[in-house]
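Student: Please pick one residue and take a close look at it. What surrounds it?

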Amino acid sequence: MTTHLRIVAAGPSSTIQDRGRVGYQRYGVSVAGAADPLLHAAANALVGNRPGEGAVEFTLAGDSVTVEGGPVRIAVAADAELAVDGEPVPGWTSLRLTDGQTLRIGALRGGMRGYWAVEGGFALQPVLGSVATHIRSRMGGIDGGALKAGDRLPLALDQAADRGERCLDPSLLPTRGDRLRVMLGPQQDYFTPAGIEAFLEEDYTVSHEADRMGCRLDGPAIEHARGFNITSDGIPLGAVQVPGTGRPIVLLADRQTTGGYPKIACVVGPDVAALAQMRPGERLRFTAVDAAEAGRIQARHRELVDGLPALLQSAGGFALYDSGRLLGFNLIGGAVTGWD
């Protein structure tokens, strides 16, 4: 029998995500994928998965899931209150759960998004090489939509490996500030010098018009020099479009494939994730870097993701053990009689 995780209660916008559908934008297919690849990879590392394995991304508050079968190994990469069958358990730690046990993930204490992963990943049929959910096109995940109560997620492993649990100290991950690094272009010539100066020198605020597709910012208007329409071209991750209102829009994981507003800049990859974690009302500022520096930033990020397994430690007393598993261990090895 295939082991499943049954969704008892779903967060407001929980979806299955991996690295996305890379290579299909030219056919009009959005990439999707994790909004914060680092935390997504951290959740996967905790359960022994490769960085790009499908995991659940939740927004503001997490899900409650019950094991059907198992045991399963699950980990949550987020600052949130967690409980198994009502008993508090730590985050950033792998947990071995048995048939019938329920994990509840509460509200995030900070940031917008968290991730939970299960050892071995989900047994889902990839669409164009990915299980990432893109809700607007109803593609990937579970029927192309957000998770809902009653959904049963099939797991690739019927039983978790019998090993010790691992944890990750989140303080080892980079601290994210309010400065987003950008490369100017490709249409910076569509803006006046005053418009570019405003973009780089003034503060902007995350508006309530923000989701996985993009984030509209409030702040000083960015002045156009040559109108605000261009021949539609490709939209990379982190592109900063400026429509006629002068209010910049940063495009995120679920972005459209092409667009006809000029792009003043593009946010460097790791800082796109920082923006995706900002809540409405948070302030930020853009800082320009050249192509060489952007390349170095991205290279350091890849090294960090690849090096996550080396940051893991034994979870010690954090692991959950059922009575049957405890009886299987020699807990008093070395003792022969009460007189030894």
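Tutor: Contact here means heavy atoms within 4.5 Å. The model is predicted, so local features need pLDDT of at least 70, side-chain atom pairs count only at pLDDT 80 or more, and totals for chains, interfaces and linings use all residues. Residues are numbered from 1 along each chain as its sequence is written, and side-chain values use heavy atoms, with hydrogens and water left out.

Take Asp-63. It sits in the loop between strand 3 (55-59) and strand 4 (64-68). Strands are DSSP runs of E, at least two residues, and helices are runs of H or I, at least four, numbered from the N terminus.

Asp-63 touches Ala-9, Ala-10, Gly-11 and Ser-14. It also touches Val-56, Phe-58, Leu-103, Arg-104, Ile-105 and Trp-116. Residues up to four places away in sequence are not counted.

Two of these neighbours make polar contacts with the Asp-63 side chain through their own side chains: Ser-14 at 2.7 Å and Trp-116 at 2.8 Å. A polar contact is an N or O pair within 3.5 Å, one able to donate a hydrogen and the other to accept it; residues adjacent in sequence count only if both atoms are side-chain atoms.

Asp-63 is buried, that is, under 20% relative accessible area with a 1.4 Å probe, protein chains only. Yet it has no salt bridge, meaning a side-chain nitrogen of Lys or Arg within 4 Å of a carboxyl oxygen of Asp or Glu. The nearest side chain of opposite charge, Arg-104, is 11 Å away.

Elsewhere, helix 2 (residues 193-201) has buried residues too, among them Ile-196 and Phe-199.

Technical notes. Buried < 20%, exposed > 50% of the residue type's maximum accessible area, 1.4 Å probe, protein only. Lys, Arg positive; Asp, Glu negative; His and termini not counted.
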